[in-house]
Amino acid sequence: MGHYDRSQILPSSLFFPKNCSPLSATQVSSKGFGQSRVLGYLFANSTIHQAPCIVAMQEVNTKLRIPHVLTVAGSDSGAGAGIQADLKACAARGVYCSTVITAVTAQNTIGVQGVNIVPEDFVAEQLKSVLSDMNVDIVKTGMLPSIGIVKVLHHCLKQFPVRGMEDLFPMADIVTPNLKEASALLGGVQLETVDDMRSAAKSIHDMGPRNVLVKGGDLASSLDAVDIFFDGDNFYELRSPRVRTRNTHGTGCTLASCIAAELAKGSLMLSAVKVAKRYVGSALDYSKDIAIGNGLQGPFDHLLKLKSNVHNSCRPQVFDPSDLFLYAVTDSGMNKKWGRSITDAVKAAIEGGATVVQLSSTELPNEEPNEERLGEQIFEGILREKEAETRDFLESAKACVEICRAYGVPLLINDRIDIALACDADGVHVGQSDTPASIARALLGPEKIIGVSCKTTEQAHQAWVDGADYIGCGGVYSTNTKANNITVGLEGLKAVCLSSKLPVVAIGGIGVSNARAVMEIGVAALKGVAVVSAFFDRESVLNETRKLHALLKETTSSVK
Ligand SMILES: Nc1ncnc2c1ncn2[C@@H]1O[C@H](COP(=O)(O)OP(=O)(O)OP(=O)(O)O)[C@@H](O)[C@H]1O
Ligand SMILES: Cc1ncc(CO)c(N)n1
Ligand SMILES: [Mg+2]
């Protein structure tokens with residue numbers, strides 16, 4: 001089986017300006033680019049293929065229009081580069097990506113084991129399918145495996161026959177060669193320093209593209225990742241720290257797709273390039289330690305999910321309503337009063353049987369803790385923790401996440417979506433006056449747990465519509481009731497439970513004396529009780545949690 005040098009299929013990239021006329025291209029011979037040489041391009045969309053009716057639809061639907069990049073590239077079976085990188089980069093950057101496949105490669109982290117070129121007429125057919133129907137903003141090309149395919153592409157886009165790829169240069173918005181490609185374009189000159197890259201950028205600019213980015217990912221002599229951007233007037237030295245990782249396969253495809261995505265959104269060229277470079281740097285950093293394949297160069301994670309320092313970020317995150325069984329809501333005022341740290345409190349509650357923990361660093365400097373009011377605060381978002389320093393809260397939250405994860409118990413953060421994101425908690429609980437659950441869902445993504453405080457059936461319905469996972473209903477009991485606090489009582493709880501499509505946890509003045517009565521309302525949606533002071537305003541959190549856990553076990557088995 002033949003082996004292919006990956007450097008021979010590294011794409012350089014061009015954009016064509018949106019309104020360029022194909023007839024402005026000058027014909028240049030394709031000298032130097034044989035069949036085996038593969039270059040890539042980024043073209044701006046030519047609207048000449050858009051039928052008038054499609055243009056009209058575009059106008060009608062402007063609000064719903066998503067920027068669209070068409071990539072014309074090769075498939076990488078290892079999915080680190082090529083079509084697969086382009087799709088992921090565009091998805092990560094919020095842009096739609098359609099795909100015309102020019103070649104199928106057998107490729108992994110070791111190298112390229114085989115290339116199967118798609119027949120020219122079938123490349124043409126794919127191009128026609130996409131361009132005749134979809135509203136493409138930018139055409140980006142990667143692996144173009146033969147002059148024949150370049151011709152087909154050019155013909156399809158411009159109905160303009162060409163001899164070789166240099167025809168495209170004068171029409172290009174940007175060319176993004178790496179060091180080897182820049183060297184090949186300039187007849188094999190050595191490129192070893194940043195100064196060499198500047199000269200190369202200038203010489204390539206003379207070949208016609210409006211902008212040139214010479215990429216220095218492979219510049220061995222530099223500690224930074226340096227790219228040279230030249231717009232014909234000014235040079236910009238774009239530097240970022242070089243990420244020490246083996247996972248750099250596909251940086252070129254990704255960078256080009258990200259530039260295309262930003263351009264499709266309407267960015268100016270230099271901003272698009274800067275955003276793209278920063279995106280590639282972050283993606284490399286996030287996935288610097290992932291291990292895919294046994295070869296020398298691995299792929300990276302485009303979606304910035306596989307943070308190297310979060311060991312369990314791949315754990316399944318499915319909300320289990322039975323986690324509401326014994327819901328512990330911490331309170332820092334109470335913990336302070338009893339001289340325990342938040343982490344000790346959380347650990348004790350879990351060891352005693354808590355099945356979920358909600359972190360609420362409420363400070364109660366001048367008042368006695370008041371269970372019912374606390375419940376209201378906790379679920380209504382009138383939160384003392386807002387007074388606590390955000391940094392302190394984040395530190396506590398991180399420490400608690402670690403503990404909860406070790407025990408396999410979900411940790412929710414009260415109200416603070418920013419903290420939940422920063423410490424990678426399992427979710428948040430929001431009150432009626434906090435950030436709406438629908439927005440929390442949009443910010444946190446589909447898998448995080450979201451709970452909402454509800455007193456009424458209408459609120460419970462809205463929580464369901466908004467994409468919440470559970471509701472907290474209360475205060476069930478009044479304790480030292482304050483003027484504005486409405487308690488729902490067992491009747492209110494029952495009404496909410498009967499109407500709710502979401503599982504319910506009851507809160508407010510619940511402890512060993514009344515937990516049985518709460519659970520005995522016997523409505524399927526009620527999954528458990530949430531407790532604050534019956535755990536944390538006691539000397540032994542462990543003992544109190546154990547007691548209530550045992551009692552609930554007994555109660556639920558007799559209810560069933
Ligand atoms: N280790 C790294 N850390 C940070 N940035 C990097 C690193 N390696 C490459 N880059 C950046 O990634 C982008 C792509 O550059 P590179 O020279 O790797 O392109 P390429 O060789 O065409 O990519 P590929 O080999 O994936 O086809 C550039 O902006 C470069 O600075
Ligand atoms: C299919 C394909 N396109 C581009 C590259 C460049 O990284 C590659 N390795 N494979
Ligand atoms: Mg490279």
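Here is a conversation about a predicted model, going through what some of its labels rest on.

Reader: Let's start wide. How many helices and strands does the protein chain have?

Author: The secondary structure comes to 19 helices and 18 strands. The protein chain has 560 residues, and 49% of them count as buried. As for contacts with a separation of 6 or more, 70% are between residues 24 or more positions apart.

Reader: What makes Gly78 count as buried or exposed?

Author: Gly78 has 24 C-beta neighbours inside 10 Å. The cut-off for buried is 20 or more, so Gly78 is buried. You'll find Gly78 in the loop between β3 and α2. Leaving out residues up to four places away in sequence, Gly78 touches Gln107, Asn108, Thr109, Gly293 and Pro299. Take Gln107: its C-alpha is 5.6 Å from that of Gly78, with the two positions 29 residues apart in sequence.

Reader: And Ala79, what does that one count as?

Author: Ala79 has 19 C-beta neighbours inside 10 Å. Buried needs 20 or more and exposed needs 12 or fewer, so Ala79 counts as partly exposed. Ala79 sits in the loop between β3 (68–76) and α2 (82–92). Its phi is near 65°, a positive value in a residue other than glycine.

Reader: Which way does Ser129 fall, buried or exposed?

Author: Ser129 has 12 other C-beta atoms within 10 Å. Exposed means 12 or fewer, so Ser129 is exposed. It belongs to helix α3 (residues 120–133). The C-alpha atoms of Ser129 and Val100 are separated by 9.3 Å, and the two residues are 29 apart along the chain.

Reader: What is there to say about the phi of Asp415?

Author: Asp415 is not a glycine, yet its phi is positive, about 70°. This residue is in the loop between β13 (411–414) and α13 (417–423). With 27 C-beta neighbours inside 10 Å, set against a cut-off of 20, Asp415 counts as buried.

Reader: Which residues does the cis peptide bond join?

Author: Gly474 and Gly475, with omega at about -5°. Gly475 is in the loop between β16 (470–474) and α16 (489–499).

Reader: Why is helix α10 called largely enclosed?

Author: Because 8 of its 11 residues (342–352) are buried, α10 is largely enclosed by the rest of the structure. The buried ones are Ile342, Ala345, Val346, Lys347, Ala348, Ala349, Ile350 and Gly352. After α10 comes Gly353, with a positive phi near 125°.

Reader: How do you know how α10 lies against α12?

Author: Two packed helices are described by the angle between their axes and the distance between the axes. The axes of α10 and helix α12 (residues 390–407) come within 9 Å and cross at roughly 20°. Angles under 35 degrees count as roughly parallel, so α10 is roughly parallel to α12. Their crossing is right-handed.

Reader: Which residues meet there?

Author: From α10 there are Ile342, Thr343, Val346, Lys347 and Ile350; from α12 there are Ser396, Ala399, Cys400, Ile403, Cys404 and Tyr407. The residues of this contact divide into 8 nonpolar, 2 polar and 1 charged.

Reader: Why are α7 and α8 called oblique?

Author: They pack at an angle of about 140°, with their axes 8 Å apart. Roughly antiparallel needs over 145, and roughly perpendicular runs from 65 to 115. The angle fits neither of those ranges, so α7 and α8 are oblique to each other. The crossing of α7 with α8 is right-handed. On the α7 side the contact is made by Thr251, Thr254, Leu255, Cys258, Ile259, Glu262 and Leu263, and on the α8 side by Ala272, Val273, Val275, Ala276, Lys277, Tyr279 and Val280. That contact divides into 10 nonpolar, 2 polar and 2 charged residues.

Reader: Last one: which residues come nearest to ligand 1?

Author: Of the 23 residues around ligand 1, they are Asn178, Lys215, Gly217, Ala225 and Gly252. The elements giving two or more residues to this shell are β9 (224–230), α7 (251–265) and α8 (269–286). By type, the shell around ligand 1 has 8 nonpolar, 10 polar and 5 charged residues.

Conventions. Residues numbered from 1 in each chain as written. Chains lettered and ligands numbered in written order. Predicted model: local features only at pLDDT ≥ 70, side-chain atom pairs only at ≥ 80, totals over all residues. Helix = DSSP H or I, 4+ residues; strand = E, 2+ residues; numbered from the N terminus. Near = placed C-beta within 6 Å. Nonpolar A, V, L, I, M, F, W, Y, C, P; charged D, E, K, R; others polar. Axes fitted to C-alpha atoms, helices over the stretch in contact; angles between N-to-C directions. Left-handed = near helix turned anticlockwise from the far one by under 90°. Contact = placed C-beta atoms within 7 Å.
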